[in-house]
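Reader: I've got the sequence and the fold open on my screen. Could you walk me through how the labels were reached?

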Amino acid sequence: MDARAHDVSLRAMTDHEPSRNFNHRRATPLAVAQHAISLERAGDPQAALEMLLDRIGTGVNARLVLRTASNLAATYADFNVSSLSEPGLLNLLNNPTVDRASLAQIAMFKAMSRWPLIKIIGAGETGTWDIAAGLFLDAAEEIADDALFITALETDTVQAFNLELLLIAVRTKLLQKPERLKNTPVASIALAITRQVELNEAVWLQSDSETAGLENLPSGAAKSMLNALYEGANYTDDEAHSIPTFGTITDEVSMKVGAQYANAPYPRWTSLNVPEASGRLTMARSLSNDNRLHRIKRPGVLIAGCGTGQHAIVSALGYGPKSSVLGVDLSRTSLSYAARMTKTFAVKNLTLAQGDILDIDSLDRTFDIIESIGVLHHTADPMESWRQLLNVLKPRGLMAVGVYSASARAGLSKYRAGLDHTEPPSDDMIRTLRHNMICAPQNDFERSIIQSADFNTLSNLRDLLFNVHEIPLTLLEIRDFIDQQGLRFLCFDASPATTTRFIDAKGHNALGDLDAWIAFEGENSDAFEAMYVFWVQALA
Ligand SMILES: C[S@@+](CC[C@H](N)C(=O)[O-])C[C@H]1O[C@@H](n2cnc3c(N)ncnc32)[C@H](O)[C@@H]1O
């Protein structure tokens with residue numbers, strides 16, 4: 001799902017102009033969240049986030065308020081970070097039931113915008129990163145005390161290339177003088193950098209001389225700490241034994257794609273926006289008057305291609321405890337990650353199974369709802385895979401589909417085709433390519449790609465640039481398939497900005513008209529980001 005799509009019911013309730021006399025310190029959490037959305041709609045997301053963080057900083061932890069702050073952080077760039085509350089940011093960063101990816105980024109920008117980091121990074125930008133690393137280590141005591149900097153590093157991947165170049169130089173300096181790790185503030189900063197390296201799967205460049213330096217270090221505590229600074233997480237599939245299989249994976253593309261995601265489970269997530277229980281069921285019921293969910297209290301849900309489980313867990317929580325959700329995927333290591341997170345979030349109504357969606361009928365089950373996001377385009381024949389899934393969808397059941405858009409990905413597909421690499425590329429090759437793109441992007445396309453959230457980790461970058469198989473689709477192909485299968489198109493789950501533009505252009509009543517969307521895309525080539533996400537309904 002589009003992580004930035006805001007809470008549907010809350011947005012629907014909030015259609016008034018923001019009041020000038022609103023006193024958020026005295027208002028209820030619902031009123032605070034509603035006021036924030038009014039401010040956002042009035043074009044002032046900065047004021048909305050400032051107000052929410054201020055309130056969160058006083059200890060308010062109502063889910064609605066936390067989720068609205070997280071959604072705002074994910075939707076807009078370029079916040080003025082100096083006026084955002086530090087206690088509010090810290091409270092959010094310490095809460096895994098809130099999607100923290102963009103919040104960690106904002107927190108880090110705030111930490112980097114003040115003394116001493118602003119001076120140190122300036123020294124790197126105008127001089128050398130080696131000099132900056134020396135200043136950084138000299139200021140270790142102050143930096144180790146900066147809760148925002150340390151927490152942001154430990155919470156989620158941070159995308160700030162000047163900081164990355166600084167921390168790479170700090171790492172090199174520590175390798176040259178391991179005795180500095182005996183200093184307590186230096187050691188505690190090194191631990192935070194190690195966590196960042198775990199989170200980004202050691203995506204930062206490591207030179208040959210550093211590899212040699214690590215090998216030549218005498219065994220001991222310093223060697224272990226330095227190895228960890230370069231290594232990233234050791235991925236385990238400790239939960240794999242408990243996951244059953246169905247069918248047999250024999251399709252050549254499925255085997256290739258399965259192998260890729262077995263070696264590089266995707267995405268590696270650490271937090272999510274916990275939804276209101278049953279909120280997703282209410283939303284799904286509202287998609288059409290005659291869908292079967294109106295008379296079903298215990299829906300059966302299939303998440304086809306659930307990967308590492310973030311979407312499956314959001315669905316299991318959002319369809320409510322009475323629903324029973326099954327997540328299937330080719331990759332056992334991805335499923336193992338999902339199983340671990342299922343325990344972390346205490347989800348009781350999600351089960352997992354390994355198998356190919358081409359074999360889904362061997363489960364001998366049908367479902368009221370099927371969701372498959374970011375999967376069909378990785379199969380040999382996306383339409384055939386979609387057909388297999390429709391075979392197990394009950395009459396008047398709902399299906400959410402997310403597939404790559406051929407037009408939105410045209411530039412990326414061309415770029416991928418021009419990349420010279422062995423199949424599959426090694427981690428080192430991906431690190432080097434990424435580093436070269438950061439230091440000397442060759443064109444506008446590379447300049448835009450390095451801003452993408454998929455640029456932060458090895459598995460994301462592999463998924464973005466080196467996927468072993470992907471077939472993006474056009475809206476015309478999707479419309480033809482929907483017509484052939486006798487499905488009803490319901491709506492797109494597009495970003496709030498795209499939905500607003502569409503309503504302005506075509507009117508609210510056209511939201512369920514796929515032809516109107518096709519025309520809209522023709523007039524607005526940037527209407528969709530990489531993927532189309534939409535809902536269809538099977539007819540009786
Ligand atoms: C890009 S990931 C998306 C994961 C998840 N849906 C999400 O949105 O985070 C694609 C996933 O689809 C799975 N997949 C691809 N082809 C599949 C197939 N034929 N059967 C089952 N899973 C498949 C892959 O193993 C991988 O985990």
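Reader: Why does Leu 49 count as buried?

Author: Bear in mind that this is a predicted model. The cut-off for buried is 20 or more other C-beta atoms within 10 Å. Leu 49 has 30 C-beta neighbours inside 10 Å, so Leu 49 counts as buried. You'll find Leu 49 in helix α3 (residues 45–57).

Reader: How far is Leu 49 from Gly 88?

Author: Their C-alpha atoms are separated by 10.0 Å, and the two residues are 39 apart along the chain.

Reader: What makes strand β2 largely enclosed by the rest of the structure?

Author: Just count residues. β2 covers residues 324–329, and 5 of its 6 residues are buried, so the rest of the structure largely encloses this strand.

Reader: How do you know that β1 and β2 pair, and in which sense?

Author: Pairing takes at least two bridges. Strand β1 (residues 300–304) and β2 have 5 bridges, and they pair in the parallel sense. For one bridge to look up, try Ala 304, whose partner in β2 is Val 328.

Reader: And which bridges tie β2 to β3?

Author: β2 and strand β3 (residues 350–354) also share 5 bridges, again in the parallel sense. Leu 326 has Thr 351 as its bridge partner in β3.

Reader: What runs between β2 and β3, and what hand does that crossover have?

Author: The chain goes from β2 through helix α18 (residues 332–344) to β3, and this β-α-β crossover is right-handed. β1, helix α17 (residues 310–319) and β2 form a right-handed β-α-β unit too. Right-handed here means that, with the strands pointing away from you, the path from the first strand over the helix to the second runs clockwise.

Reader: Which residues come nearest to the ligand?

Author: Out of 25 residues around the ligand, Tyr 261, Gly 305, Gly 307, Ile 357 and Gly 374 come nearest. α15 (252–263), α17 and β2 each supply at least two residues of that shell, and α15 gives the most, with 4.

Reader: How many of the shell residues are nonpolar, polar or charged?

Author: The shell around the ligand splits into 11 nonpolar, 11 polar and 3 charged residues. Glycine goes with the polar ones in this scheme.

Reader: Which residues touch the most other members of the largest nonpolar core?

Author: That core has 71 residues, and Leu 52, Ala 69, Leu 89, Ala 107, Ala 152 and Leu 166 touch the most other members. Helix α6 (residues 101–112) gives the most to this core, with 9 residues. Domain 1 (8–99) and domain 2 (117–231) each contribute at least three residues to the core.

Definitions and conventions
Residues numbered from 1 in each chain as written. Predicted model: local features only at pLDDT ≥ 70, side-chain atom pairs only at ≥ 80, totals over all residues. Buried ≥ 20, exposed ≤ 12 C-beta atoms within 10 Å, placed from the backbone. Near = placed C-beta within 6 Å. Core = buried A, V, L, I, M, F, W, Y, C linked by C-beta atoms within 7 Å. Domains from an automatic or database assignment.
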